[in-house]
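Trainee: I'd like a close look at one spot in this protein, please, and then at how the rest is put together around it.

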Amino acid sequence: MADVDTRMESDIQISQMYIRKQNYYSERRIFRYVTPFDLRSDLIANMRKMAATQRSGHPWGRMSDDEMFRSAKLYNRDYVTGEEGFNLAAVLLLGKDDVISSVCPAYVTDAIVQRNDVDRYDDRLMARTNLFDSYEHLVDFVQRNLPDRFALDSGKRTSPRDIIARELVSNSLMHREYSSPVIARIVMDRESIRTINASRSFFEGRMRLGDFTSMPKNPIIADVFVQTGLAEKLGSGLHNLIKASELYTGREPEFSDGDLFRAMVPTAVGYDASEATQRSHDAAKRPTVEPSYHERLAQIIDDELQRHTIITAPQIARISGFDVRTVRAFLNRLVDQGELAVEGRTRGRRYRRM
């Protein structure tokens with residue numbers, strides 16, 4: 001992982017330095033020959049509906065498409081060159097997939113799960129579509145691959161997992177430098193969920209609340225996310241992630257900015273986020289000997305059956321951190337081998353010793 005990060009930083013160092021010096025927002029780049037026919041009408045209607053749902057009487061609700069484009073700054077004029085038209089933000093938010101791949105060929109979010117197969121992946125999603133659909137697909141992917149632990153916030157049942165998923169995904173999509181060839185990644189392993197993406201940084205190093213001023217990397221995209229309810233006001237994302245992380249594991253996340261923006265949220269109880277970087281360096285230098293996931297699951301199941309006479313797949317998934325489908329398949333294998341008996345059907349199945 002350290003070698004990969006080093007190559008990524010080397011690839012973008014020159015282009016990122018140029019972008020910072022030019023004080024230029026790449027999302028504002030105008031594409032003169034992009035027309036309304038290159039945008040998806042259903043996304044335009046959905047953007048208007050989401051804004052109206054988010055705030056009663058939102059002006060986008062009564063605007064024409066052209067008026068909404070200009071209000072959202074998706075159609076604008078470059079007062080240096082005199083060019084006028086749809087910009088990169090408009091294409092990324094509302095464009096058809098072939099148009100997006102044409103104007104921004106490096107755009108993709110690679111989301112992977114590496115718990116059992118750390119050399120490859122257990123599950124993967126490559127999101128190359130518009131930002132609205134990418135947000136929905138990526139949030140769903142993260143939620144499916146993280147256990148939903150019980151938590152109370154001010155006496156009310158809440159889902160810190162869902163908050164972590166939404167905030168990490170929206171942050172990755174809103175604050176990415178889209179002119180960079182670096183592939184944005186969401187990596188979920190046994191101990192944490194991490195996001196890595198190219199950044200147009202105004203601040204370099206470890207980020208701590210109170211020590212820096214929030215500045216949007218893509219103010220047009222960020223504003224659309226806020227207006228449609230996919231994100232809250234600027235700067236609230238880190239606060240929400242810290243609070244959700246503490247509810248989820250009792251640990252704080254880590255953030256750092258530079259040519260790459262990195263966010264790390266612990267997902268395993270007892271995980272020390274400050275040691276993650278050193279562990280990744282050590283893993284690259286020497287092999288580690290760990291029990292296979294079969295052995296670890298078998299041990300957890302045995303421990304739980306000693307405490308309880310009956311167990312369920314979701315119960316074991318919450319304790320182990322494995323996907324519930326993986327756990328269910330393993331339990332059914334033990335049933336086939338005659339080690340466990342099963343009661344009920346499908347999702348309501350319960351398991352006990354023979």
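What is the relative accessibility of K73, and what does K73 count as?

Mentor: K73 has 47% relative accessibility, so it counts as partly exposed; buried means under 20% relative accessible area, exposed over 50%, and partly exposed is in between, with a 1.4 Å probe and protein chains only. Before going on, bear in mind that this is a predicted model, where local features need pLDDT of at least 70, side-chain atom pairs count only at pLDDT 80 or more, and totals for chains, interfaces and linings use all residues. Residues are numbered from 1 along each chain as its sequence is written, and side-chain values use heavy atoms, leaving out hydrogens and water.

K73 sits in the loop between helix 3 (65–71) and strand 2 (75–77); helices (H or I, at least four residues) and strands (E, at least two) are DSSP runs, numbered from the N terminus. Its backbone is worth a look: K73 isn't a glycine, yet its phi is positive, about 65°. Most residues other than glycine have a negative phi.

For another surface spot, try D98 in helix 5 (residues 97–103). D98 counts as exposed because its relative accessibility is 54%. Its C-alpha atom is 8.9 Å from that of D38, although the two are 60 residues apart along the chain.

Now step back. The protein has 13 helices and 14 strands, and 45% of its 354 residues count as buried. Of the contacts (heavy atoms within 4.5 Å) between residues at least 6 apart in sequence, 61% join residues at least 24 apart.

Go inside and you'll find the largest nonpolar core, with 63 residues; such a core is a set of buried Ala, Val, Leu, Ile, Met, Phe, Trp, Tyr and Cys residues joined through side-chain atoms within 4.5 Å. L74, L94 and F225 touch the most other members. Setting aside neighbours within four places in sequence, F225 contacts L93, L131, Y135, S170, L173, M174, L230 and A231. A separate core of 15 residues lies apart from that one, with I300, I316, V327 and F330 among them.

Finally, look at helix 12 (residues 313–320) and helix 13 (residues 324–336), which pack at about 120° with their axes 8 Å apart. That angle makes helix 12 oblique to helix 13, oblique being whatever is not under 35 degrees, over 145, or 65 to 115. On the helix 12 side, the contact is made by A313, P314, I316, A317 and S320, and on the helix 13 side by V324, V327, R328 and L331.

Definitions and conventions. Axes fitted to C-alpha atoms, helices over the stretch in contact; angles between N-to-C directions.
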